[in-house]
Amino acid sequence: MKRIILIMTLLLNVTGFAQTKSELEASEDKELATYMNSNFIKEYKPEVNEPLIIQGDKRITLAYFSAMMPSEFGTITDYEFQFAYNMGHYWLETVIGQGGAKFGTIGSNSSSSSSSSSEGNFFRDEEVQENYLYLGVGPSLRSRHLASFFGFDRVYETFHGYLTYHALSEELRSEDYAGFGARADASINYLLSSTSHLGVKFSFGYSALKRAAATESEASSQRSLMFRWNRLGLDYSFYF
């Protein structure tokens with residue numbers, strides 16, 4: 001009988017000890033979970049920003065340009081409107097602009113003086129203001145090299161090429177000059193949202209402008225003026 005009582009006592013003690021240990025382990029697990037979820041220690045999960053995707057396959061751009069060289073800044077003032085359409089692998093852009101510039105910034109006097117009406121016989125002062133209108137059409141391509149290099153998901157680059165047509169009212173001879181040219185732009189753009197961006201543009205253009213022939217025998221070189229545009233610009237674009 002004493003042995004039975006002793007065995008029963010041992011079993012009760014073992015059961016109580018096991019229950020106490022189980023409760024202690026549960027309490028420790030709870031405290032550890034609370035500690036792990038506190039501000040003192042958490043699993044690091046880096047934030048991943050989803051890159052902005054442009055919404056819309058059409059774009060309207062308003063741009064302002066001035067001379068690229070700091071010493072000539074303000075000698076060119078051009079305002080430009082662009083409309084572009086996404087063709088898939090590239091954007092097709094049309095441009096219309098109006099501007100004014102000092103002759104010395106955009107033009108150079110002709111050396112042709114074989115006849116009395118040749119442009120070389122008329123010297124234009126570099127400070128003379130010239131006013132012009134222009135049109136352009138051409139493709140543009142986008143890339144994200146800067147975004148990949150610097151980690152800026154809102155930045156991308158655009159490279160543009162245009163065939164242009166300029167019409168200029170010349171002050172010295174009160175003649176109208178017009179002609180075709182070419183232009184290349186490079187821009188760095190910052191996306192304000194999925195439907196708009198701000199951009200900085202570097203623009204380079206060249207045009208050969210001609211007036212009407214004074215005589216039937218007047219050669220093209222005798223009535224031509226060469227113009228160049230090296231410009232720095234800002235633009236705002238809206239996609240829809």
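**Entry 1: strands β5, β6 and β7**

I started at Asn131, which stands opposite Ser169 in β6. The model is predicted, and I read every entry here with that in mind. I then looked up how the two strands run: β5 and β6 are paired antiparallel, over 11 bridges.

On to the next partner of β6. I found strand β7, residues 175–193, joined to β6 by 16 bridges, again in the antiparallel sense. As a position to find by eye, I noted Thr164, which has Gly181 of β7 opposite. The two strands make a hairpin with 4 residues between them. In that turn I checked Ser174 and noted a positive phi of about 55°.

**Entry 2: Leu168 and the cores**

I listed what Leu168 touches, leaving out residues up to four places away in sequence. The list is Glu130, Asn131, Tyr132, Glu175, Asp176, Tyr177, Leu209 and Phe227.

Next I looked up the largest nonpolar core, which has 15 residues. Leu168 is among those with the most contacts inside it, along with Ile76, Ile106, Tyr132 and Phe227. Which elements give two or more residues to this core? I noted β3 (91–102), α2 (103–106), β5 (129–143), β6 (155–170) and β9 (224–239). The largest share, 3 residues, comes from β9. Apart from this core I found another, of 6 residues, including Ile54, Ala84, Trp91 and Tyr239.

**Entry 3: aromatic pairs**

I counted rings next; the structure holds 8 aromatic pairs. I wrote down two of them in detail.

One is Tyr64 with Tyr79, a tilted pair with 5.6 Å centre to centre and 50° between the planes. Tyr64 is in strand β1 (residues 58–67) and Tyr79 in strand β2 (residues 76–86), 15 residues apart. Are these rings buried or exposed? Tyr64 has 29% relative accessibility, so I entered Tyr64 as partly exposed. Tyr79 has a relative accessible area of 52%, which is over the 50% cut-off, so I entered Tyr79 as exposed.

The other is Tyr132 with Trp229, an edge-to-face pair at 5.5 Å centre to centre and 75° between the planes. This pair links strand β5, which holds Tyr132, to strand β9, which holds Trp229, across 97 residues. I checked burial here too: Tyr132 and Trp229 are both buried. Ring pairs also link Tyr132 and Trp229 into a cluster with Phe103, Tyr134 and Phe227. Of these, I had already met Tyr132 and Phe227 among the residues with the most contacts inside the largest core.

**Entry 4: charges over rings**

I looked for arginines over aromatic rings and noted two cases. Arg59 has its charged end over the ring of Trp91, 5.4 Å from the ring centre. Trp91 is also a member of the core of 6 residues. Arg231 lies over the face of Phe65, at 3.9 Å from the ring centre.

**Entry 5: the whole chain**

Last, I took the overall figures. I have 3 helices and 9 strands for the protein. Read from the N terminus, the order of elements is α-β-β-β-α-β-β-α-β-β-β-β. The chain has 240 residues, and 33% of them count as buried.

I also looked up how far apart in sequence the contacts reach. Among contacts between residues at least 6 apart, 64% join residues at least 24 apart. The accessible surface comes to about 15,300 Å², with 63% belonging to carbon and sulfur atoms.

Notes: Residues numbered from 1 in each chain as written. Predicted model: local features only at pLDDT ≥ 70, side-chain atom pairs only at ≥ 80, totals over all residues. Heavy atoms only, no water. Core = buried A, V, L, I, M, F, W, Y, C linked by side-chain atoms within 4.5 Å. Buried < 20%, exposed > 50% of the residue type's maximum accessible area, 1.4 Å probe, protein only. Contact = heavy atoms within 4.5 Å. Pairing = 2+ DSSP bridges. Phe/Tyr/Trp six-rings, centres within 6.5 Å; stacked < 30°, edge-to-face > 60°. Lys NZ or Arg CZ within 6 Å of the ring centre and 35° of its normal. Areas by Shrake-Rupley, 256 points an atom, 1.4 Å probe, with all protein chains shown as cover.
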